[in-house]
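Reader: Please walk me through this model, feature by feature. Give me the general idea, then the case.

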Amino acid sequence: MYKLQAENVSVWYGTHQALYEVSLASERNQIVALIGPSGCGKSTFLRLFNRMNDFIPGFRLTGKVLIDGEDIYAPHVDPVLLRRRVGMVFQKPTPFPFSIYENVAYGLRLQNRLSEKLIRERVEQALQQSALWDEVKDKLKKSALSLSGGQQQRLCIARALAVRPSLILMDEPTSALDPISTAKIEELLIDLKRSYTIVIVTHNMQQAARISDYTAFFKEGLLIEYGRTKDFFTNPQHPETLRYITGRFG
Amino acid sequence: MPRSLPKRVPKRWGEATLTLFTAAISWSMLVALVGVIGFLVYRGGKVVSWDFITSPMREGMQAGGIAIPLVGSLWVATLALLIGALLGTATGAYLSEFSSKGRLHRLIELLVNTLAGIPSVVYGLFGLALFVVAMGLGASILAGALTLSLLSLPILIRNAQEAFSGVSQELKLASIGMGASPAQTFWRITFRLAFPRLITGYVLAMGRLLGETAPILFTVAAYYLPAYPRSPLEPTMMLPYHLYALITSGTNVARTYPMAFGTALVLVTLTLILTIVAAVLRFRLKKRLHV
Amino acid sequence: MRDKLTIGAFQTSALLIILTLAGITLFLFREGLPALTQAPFEGLVFAVHPENLVQNLSADDCRGLFQQNLEWSVVGGPSVPVVPIHLYNLERYVGNHATPAKIKSFLDSVARIPGVIVALPKEWLPASLRPIEVKWSAWGSLFGAVRWSPTYEPLPEVGIWPLFLGSLWVTFLGLLITIPFGVIMAIYTAEFLPKSLYYPIKVLWEVVAGLPSVVVGFWGLVVLVPWLQKFFHLTTGETALAAAILLGWITIPLMASLTEEALSNVPRLLVEASYGLGATPWQTILRVKLPAIRASLLTASLLSAGRILGETMIVLIVSGNAPVIPTSPLSPVRTLPATLAAELGEAPVGSYHYHTLFFLGLVLFLLTLILNILAYATLPSEKST
């Protein structure tokens, strides 16, 4: 069974169509990169998986979107619960103006079911998984806003990890960061692949080539090509893909 | 916009004069304010003392203090603020966070703007017809507080709306993305972060409510009631109306006028403090966000 | 889920807004419209000597008789002196303990006076007196009369023109102060004020706008009114001008802040175009910025007008409270809100006076409603927040 799957998905915002019959699937513990020029629909596609598009007025979808074989747009599905199983990291780090500890614990507290002891354990685990623990373990009570940009983004990743999602969505997570922080996070993602499935939107093709297992190229709402990253960049099937890749390299 | 102009002197003196003129006009506002407040301090300062504030009236209204109207005003205004804050904040939350921004939203915003423009005396009429007469509350603290709370709704709704909208959209989305329900996001992020801003609105509203006279005339204020109010169903004396009564009583001007000055000074001081605190807080918060 | 509760509570509260405005409108109409349909002397009947040939009178003529400045002959009656008797001053004629027998005998004796006209409750009409019909035109009394004397019994004068014109007059005079000062202060604040003083000056405006109007009125009474009296050699300084000065002053912050906001939002392109052509700051202001915010100026003026129109206490204290049609800034005047404040406490609930006051309230409400609608209609196209 695929971890995540899209079957002939088309998306409209009012009368404007953003995605045309996209089909794509991935097994678990992979990193899938979505690339393409601005406005091609890759962010829209990403957000299908945690139903964040629901908030945009006029949003309409045909086709099926499945996680673990389940149609997440079925009428009985509660999007709130869905989002607790699917984590999201945004382009700009968005730490809450609370303490570091409270940021990571935020998702854990939503259910009201975990003891403080358990919460503390999970917070530590999450911070370790996102390679931030050593840097913040002595100042957990300090405001999250006192961290650097790269640290804040890792904090957001920890925050998403704390609730143990099965799928993580990332929307250009390093485009607002400096190269060193970017490198640290890329290392992190490769590490996280062992336990999580990750879909990452990136405008940086080198990043896609470096860290992903599969790459999907979107253009103007169409999925032009999707394949194993190794083959994708060395031997693209579609002339458009070739044009895009060579246009950006060098 | 250039602030330092190249100095080409002869042709620009017209400009400088105009600028000076408008500066003078603008600062005359401060002069006027100081003139009014200063005069009240001068004439009222002689009368106001701790005793004045804490003791009830004696000899009709010609001696003693203003404790009773002061307590009455605080009672009514506080109750009004509580009711208004509850309703106003809830409505503001609806408009800012939970409405589908469609026709109903626009209708309610239109109505809020309309209510904002209705004279306070018309609210008094409404309060009289509804709370005092139709609902049978009689002239009472409750009737007055309900009337005043309606009066304060437009300010409080707009304040809450701005406060909630001012919380960064990214933070709200981050919370939603983590699986917080809209209500959870509202309480844990939006409301929590908007709280300081909300408070400044409440303080400002309190300042306005304490000074209102017209709506309380027919719904709660008593001309002379030398006892502290014991229940919300009783009428009570209130500062603004007490001042008015002193001004128009005419029976022993030599003795009532000093009382009037004292009352005016206390009333304006209360209002001043609340207004300034609210304004300063609000501008401080604005500055912080723009850093 | 608790979610639904929260959202439901918020939605309910929003609906309350609709209820409130509906309620205000409803009650004003409910209590005010009877002024158009009732006559002030419901339950009363007017009667004259049986030989008096007059069959009916207009309310104004009847009042003229009662006030004794009209002769019977003018209305087709006999040439005898008018003797008005209104039952409320019955004690004057009968003595303090009026028993039904005493009243009856009093009325019978009165019925013998040729020129008598009596106003009395229907139940007490004796056979010895002949009732006449008095026509009360609600419309004519409210909108056709120029005197306001609502407590005069049995035929109050409820012409609203003095109050309406008084309101308009004070508003007009007040705007003469508010608009120039407000615009000038807005220009100064938006263009020339050092940045560090921006917030302080806005605080200043908020403070002035927040002053309790009863306190401002009091100051006006003690300082401004005597000064006006001296300066203009008047018998009293309580005039429309006094009210206008004070009202204009406390409304300046409203005008100024709306205008200042509009000035700051003038598109940069326009401003830069002007400077690019070598215009000076003041030329830019006068020729580009002010014309660009014409619509906002109108909106701000209308809102300020609405604010002044609705103000009560300042007018009540310093404008002299004379319900006559104003002829100059130095005449005393009475406005709609002031009338409501002054008289509502004395009018018994449900009486004609009560309904008339609510009618005034309705007029005031509609006036400010129109002003507000006009103000928002002239608002320039929706700015995104």
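Author: Start with one residue. A:Glu21 sits in strand E2 (residues 16–26) of chain A. Strands (E, at least two residues) and helices (H or I, at least four) are DSSP runs, numbered from the N terminus. A:Glu21 is not a glycine, yet its phi is positive, about 45°.

Author: Some ground rules. This is a predicted model; local features need pLDDT of at least 70, side-chain atom pairs count only at pLDDT 80 or more, and totals for chains, interfaces and linings use all residues. Residues are numbered from 1 along each chain as its sequence is written, while chains are lettered from A and ligands numbered from 1 in the order in which they are written.

Reader: Is A:Glu21 buried, exposed or partly exposed?

Author: The general idea is a neighbour count. A residue is buried if 20 or more other C-beta atoms lie within 10 Å of its own, exposed if 12 or fewer, and partly exposed in between, with C-beta atoms placed from the backbone. A:Glu21 has 14 C-beta neighbours inside 10 Å, so it counts as partly exposed.

Reader: What is the phi of A:Arg51, and where is the residue found?

Author: The phi of A:Arg51 is positive, about 55°, and this residue is not a glycine either. A:Arg51 lies in the loop between helix H1 (42–48) and strand E4 (59–67) of chain A. With 21 other C-beta atoms within 10 Å, A:Arg51 is buried.

Reader: How do I read the two faces of strand E6 (residues 86–89) of chain A?

Author: Check the residues on each side. A:Val86 and A:Met88 are on one side, A:Gly87 and A:Val89 on the other. All are buried, so both faces of E6(A) are covered.

Reader: Which strand pairs with E6(A)?

Author: Strands of a sheet pair through backbone hydrogen bonds, either parallel or antiparallel. Two strands pair if DSSP finds at least two bridges between them. E6(A) pairs with strand E7 (residues 167–171) of chain A in the parallel sense, over four bridges. A:Val89 has A:Met170 in E7(A) as its bridge partner.

Reader: What is the strand order of the five-stranded open sheet in chain C?

Author: The order is E2-E5-E1-E4-E3 (chain C), and the pairing is mixed. Strand E2 (56–58) and strand E3 (83–86) of chain C are at the edges, each with a single partner strand, so one side of each lacks a neighbour in the sheet. On average, neighbouring strands are turned by 30° against each other, direction ignored. Axes are lines fitted to C-alpha atoms, for helices over the stretch in contact, and angles run from 0 to 180 degrees between N-to-C directions.

Author: Now the E3 edge. E3(C) runs parallel to strand E4 (residues 116–121) of chain C, joined by four bridges. C:Pro84 stands opposite C:Ile117 in E4(C).

Reader: Which helix packs on the sheet?

Author: Contact here means that C-beta atoms, placed from the backbone, lie within 7 Å. Helix H3 (residues 59–66) of chain C packs on the sheet, touching strand E1 (44–48), E2, E3, E4 and strand E5 (130–135) of chain C. The direction of H3 makes about 90° with that of E2(C).

Reader: How spread out is chain C?

Author: Chain C has 16 helices and seven strands. The radius of gyration, taken over C-alpha atoms, is compared with a globule rule of 2.2 Å times the number of residues to the power 0.38. For chain C it is 28 Å, well over the 21 Å given for 385 residues, so the chain is more spread out than a compact globule. Its C-alpha atoms fill a box of roughly 95 × 70 × 35 Å along the principal axes.

Reader: What are the domains of chain C?

Author: Domain bounds come from an automatic or database assignment. Chain C is divided into domain 1 (44–137) and domain 2 (161–377). Their C-alpha centres lie 49 Å apart.

Reader: Why is helix H15 (residues 336–343) of chain C called largely enclosed?

Author: Six of its eight residues are buried, so the rest of the structure largely encloses H15(C). Among them are C:Leu336 and C:Leu340. The packing partners of these buried residues include helix H5 (120–134) of chain B and helix H16 (352–377) of chain C.

Reader: Which chains share the most contacts?

Author: Of the two pairs in contact, chains B and C share the most. Chains A and C do not touch; their nearest C-alpha atoms are 11 Å apart.
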